[in-house]
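Hi everyone, thanks for making time today. I'd like to walk you through one structure and how some of its pieces sit against each other. Let me put it up on the screen.

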Amino acid sequence: MNDEKLKNQLGSNIATFRKRSGMTQAALAEKINFSDKAVSRWENGITFPDISLLPVLANIFEVTVDELAPLYKKAEQLWDKYGVAVLIADKVSSYTGTAELCYDYKKIEDSLGLIENCLECYPKDFFREFSGEYIGATPCIQLVGTGDTAGVFYDGDDYKIVQIDVNDYSSEEADDTGWFFCYTLHHEIGHMISFTMLERADKSVFPLTEERWNSFNPNDFEYVGYYDDEKESELFSKDDNSEYFVFSYACSTPEEDRAIIFGKAMNYYMRHENMGFNDNIDAKLVYLSDCIKNVFVGVDWDEKPAWELILDHKED
């Protein structure tokens, strides 16, 4: 179902169930403390009720929230298609930092569209490898609002969770700024992949090791080891260090270095940009990709993954 149909379905469902219940727009509005104009705008797809209101409407209409709101169904379809659990609104059970649950229908709708665009770039069944016997942890993407960071990854025994703040791009300007949402998502997925590879290093023929990773950096280079803008910038600008890192934040930890390279590579691919890295960063990306292929053994690697394709399309 495309986004336009998804958008219209909620309004159509509200109108259908309202009429089936024998209510006028004014009668429904009175029950939920809204104006009849608001109900009319919902039913015509002009505006959307907060998702927090959907359980109330579903209860009035004596239907389930899933029957009423297509966004939950859309999230379920992403699980069916890609093997990633996408959690929205009240389905988000825990979250980090200062984040709050997001009930903004339009932002969630836009975010689900961007998530699907991003997941489509990965090899078939790539994410199902996480929940398989070899790794055994369900990959999740959860959408929150008003967080203190654009994205964060946290690792659990049964779940690997990428948390994305939907407020980090404007719905009205999605065509211009959706790239930042996508970069953030790919960046945090890069963390998910990296942590998984380190966990499985003792069972991999070609493991990811910090010693090998550091061999691609300048001699005697040491990461800051934590997040400090000033120290990262100082280290980045020292000697020829800038030739080995995408930007200064990559000097904080090897985990961030890998996630930044992976996120930027995927974003270059999605934006169809003939941009890439220099030879030093290319070498890191090649090593990272080789490690991924040797851990995610159930994936068909006959075709090059998206993150490798930028190596073929760099500008001379």
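Let's start with helix α2, residues 25-32, and helix α4, residues 54-61, which pack at an angle of about 125° with their axes 11 Å apart. Helices here are DSSP runs of H or I with at least four residues, strands are E runs of at least two, and both are numbered from the N terminus. The axes are lines fitted to C-alpha atoms, for helices over the stretch in contact, and the angles run from 0 to 180 degrees between N-to-C directions.

Before I go further, a word on where this comes from: it is a predicted model, so local features need pLDDT of at least 70 and side-chain atom pairs count only at pLDDT 80 or more, while totals for chains, interfaces and linings use all residues. Residues are numbered from 1 along each chain as its sequence is written, and side-chain values use heavy atoms, with hydrogens and water left out.

Back to our pair. α2 and α4 are oblique to each other; on this scale, angles under 35 degrees are roughly parallel, over 145 roughly antiparallel, 65 to 115 roughly perpendicular, and the rest oblique. α2 passes α4 in a right-handed crossing. For handedness, a crossing is left-handed if the near helix is turned anticlockwise from the far one by less than a right angle, and right-handed if clockwise. Which residues meet there? From α2 we have Leu-28, Lys-31 and Ile-32, and from α4 Val-56, Leu-57, Ile-60 and Phe-61. Contact, by the way, means heavy atoms within 4.5 Å.

α2 has another partner, α3. The axes of α2 and α3 come within 8 Å and cross at roughly 110°. That makes α2 roughly perpendicular to α3, and the crossing is right-handed. On the α2 side the contact uses Gln-25, Ala-26, Leu-28, Ala-29 and Ile-32, and on the α3 side Asp-36, Val-39, Ser-40, Trp-42 and Glu-43. If you're following along on screen, Leu-28 and Ile-32 are on the list for α3 and also on the list for α4.

In the loop between α2 and α3, which spans 36-43 as a helix, sits Asn-33. Its phi is near 65°, a positive value in a residue other than glycine. Is Asn-33 buried or exposed? At 74% relative accessibility, Asn-33 counts as exposed, where buried means under 20% relative accessible area, exposed over 50% and partly exposed in between, using a 1.4 Å probe and protein chains only.

Asp-239 also has a positive phi without being glycine, near 50°. You'll find Asp-239 in the loop between α11 (229-236) and α12 (254-270), and Asp-239 is exposed, at 68% relative accessible area.

Now to helix α6, residues 70-82. α6 has 13 residues and reaches 18 Å from its first C-alpha to its last, close to the 18 Å expected at 1.5 Å a residue; that expected span is 1.5 Å times one less than the number of residues. Buried residues in α6 are Pro-70, Leu-71, Tyr-72, Lys-74, Ala-75, Leu-78 and Tyr-82. Just after α6, Gly-83 takes a positive phi of about 80°.

How does α6 pack with helix α7, residues 105-119? The angle is about 15°, and the axes are 10 Å apart. The two helices are therefore roughly parallel to each other, and α6 passes α7 in a left-handed crossing. α6 brings Pro-70, Leu-71, Lys-74, Ala-75, Leu-78, Lys-81 and Tyr-82 to the contact, and α7 brings Tyr-105, Ile-108, Glu-109, Leu-112, Ile-115, Glu-116 and Leu-119.

Further along the chain, Ser-289 is in helix α13, residues 279-295. Ser-289 is buried, with a relative accessible area of 0%. Not counting residues up to four places away in sequence, Ser-289 touches Pro-305, Trp-307 and Glu-308.

Lys-304 lies in the loop between α13 and α14 (306-312) and is partly exposed, at 45% relative accessible area. Leaving aside neighbours within four places in sequence, Lys-304 is in contact with Leu-309 and Asp-312. The C-alpha atoms of Lys-304 and Pro-123 are 8.8 Å apart, although 181 residues separate them along the chain.

To finish, the whole chain: 14 helices and 5 strands, with buried residues making up 49% of its 316 residues.
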